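Could you walk me through reading a protein model, from its sheet to any empty space inside? I would like the general idea at each step, then the case at hand.

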Amino acid sequence: MKFLLTGAAGFIGFHTALRLCRAGHHVVGIDNLNDYYSVELKQARLQQLAGLANFEFLRRDIADREAMQALFREHAFERVIHLAAQAGVRYSLENPHAYADANLVGFVNVLEGCRQAAVEHLVYASSSSVYGMNSKVPFAVGDAVDQPISLYAASKRANELMAHSYSHLYGIASTGLRFFTVYGPWGRPDMAPFKFTKAILAGQPIDIYNGGDMSRDFTYIDDIVEGILRIQDCPPPYADEPASVRQGAPARLFNIGLGSPVRLLDFVGCIEAATGIEAIKRMQPMQPGDVPQTWADVSGLAQRTGFRPLTSLPQGVARFVEWYRGFYGV
């Protein structure tokens, strides 16, 4: 099949492109290669894809309406996997307009392209951040998500609502995936696994927020990509759903997480074990926009695809540290 993959130079986009190409699909990957984090790392990911005959990279900005309209006119995309976004909770406090441009304007451009091209399935990235300060755990797709505590979270929830409206109005099959703290080789430098590993190997202190009283549902990259690939092959509506659900908009949401939250200090312990170095810990207060815990209910994903993420944290962290040492020569 012919796919449009947005955010192809990003962490999840890069791994998704590899899997799609290895499965024999033709992938047109786009990315604007912005400098939110290391452009060199993004280019290094693209170098890994450059030798694949069925991968084509185009430098495009999803917020550029004319460029996106031309892209959909020039290519007969059958499916779209939309992973491009301005990420990061804390950065949304510093540069809110980047989130409006990429996550709102950019998403409208993707939706409009899917409408014009009659794309058969749009799969897009949402986030566990939409759950905000929910105290009920594990977080389930049916939980209320009307109290986001960061602009990033609000933009991701807006994406879910926008996709639902386009599904209702134009019959576009859409699936939003709420990712839970993704980590692994080629990961993002702004995220804790990367920052902690870098600091520990350099003998520098790491910041532990909220005195370590936090937990995250860390999800290994291979499990995330497996979930994406399985769900993209299952466009809604589904024949086994109740008639009342099938007759509504063909828009669905799923969590993708390990389903097993880990305390922040235990996570640091996994990095210490993988590096053989004890971390220098610097305790810090809770940061604006952060939440104390995340925990995914993945029963919906398992029921629909037969897949549950399985990679344990010690196993995944060891693979990440091995990649980091090799890539950076540490």
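The dialogue below takes the sheet, one of its strands, a buried arginine, a helix and a cavity in turn.

Q: Before we start, what kind of model is this, and how are its residues numbered?
A: This is a predicted model, in which local features need pLDDT of at least 70 and side-chain atom pairs count only at pLDDT 80 or more, while totals for chains, interfaces and linings use all residues. Residues are numbered from 1 along each chain as its sequence is written, and side-chain values use heavy atoms, with hydrogens and water left out.

Q: How do I read a sheet, and what is the strand order in this one?
A: Strands of a sheet pair through backbone hydrogen bonds, either parallel or antiparallel. Two strands count as paired if DSSP finds at least two bridges between them; strands (E, at least two residues) and helices (H or I, at least four) are DSSP runs, numbered from the N terminus. Here seven strands form an open sheet in the order 3-2-1-4-5-6-11, with parallel pairing. Strand 3 (55-59) and strand 11 (251-256) are the edges, each pairing on one side only. From one strand to the next, the twist averages 20°.

Q: Is strand 5 enclosed or exposed?
A: Buried means under 20% relative accessible area, exposed over 50%, and partly exposed in between (1.4 Å probe, protein chains only). Seven of the seven residues of strand 5 are buried, so the strand is largely enclosed by the rest of the structure. His121, Val123, Ala125 and Ser127 point one way, Leu122, Tyr124 and Ser126 the other.

Q: How many bridges tie strand 5 to strand 4 and to strand 6?
A: Strand 4 and strand 5 run parallel and share four bridges, while six bridges join strand 5 (residues 121-127) to strand 6 (residues 174-179), also parallel. Looking across to strand 6, alanine 125 stands opposite leucine 177, and serine 127 has phenylalanine 179 as its bridge partner. Helix 6 (residues 151-170) lies across strand 5, strand 6 and strand 11, at about 160° to strand 5. Such angles run from 0 to 180 degrees between N-to-C directions, with axes fitted to C-alpha atoms, for helices over the stretch in contact.

Q: Where does arginine 79 sit, and what does it touch?
A: Arginine 79 belongs to strand 4 (residues 79-82) and stands opposite histidine 121 in strand 5. Its relative accessible area is 7%, so arginine 79 counts as buried. Contact means heavy atoms within 4.5 Å; leaving out residues up to four places away in sequence, arginine 79 touches residues including Met1, Phe3, Glu120 and Asp233.

Q: How many residues of helix 7 are buried, and what do they pack against?
A: Helix 7 is mostly covered, with seven of its 10 residues buried. Among them are Pro193, Phe194 and Ile200. The buried residues pack against strand 7, strand 8 (205-209), helix 10 (264-275) and helix 12 (313-328). Glycine 203 follows helix 7 and has a positive phi, near 75°.

Q: How do I find a cavity, and how many of 30 Å³ or more are there?
A: Rolling a probe the size of a water molecule over the atoms shows where empty space is left. On a 1 Å grid over the protein atoms alone, a cavity is a set of points where a 1.4 Å probe fits but cannot get out, and lining residues have an atom within 4 Å of a point. Grid points are joined across faces, edges and corners, and the volume is the space filled by probe spheres set on them. This structure holds one cavity of 30 Å³ or more, and the largest cavity has about 40 Å³ of space. Its lining includes Phe11, Arg188, Met191 and Phe320. Strand 7 (182-183) and helix 7 (192-201) are the elements that give two or more residues to that lining.

Conventions:
On a 1 Å grid over the protein atoms alone, a cavity is a set of points where a 1.4 Å probe fits but cannot get out, and a pocket is an open set with protein on both sides within 12 Å along at least five of seven lines; lining residues have an atom within 4 Å of a point.
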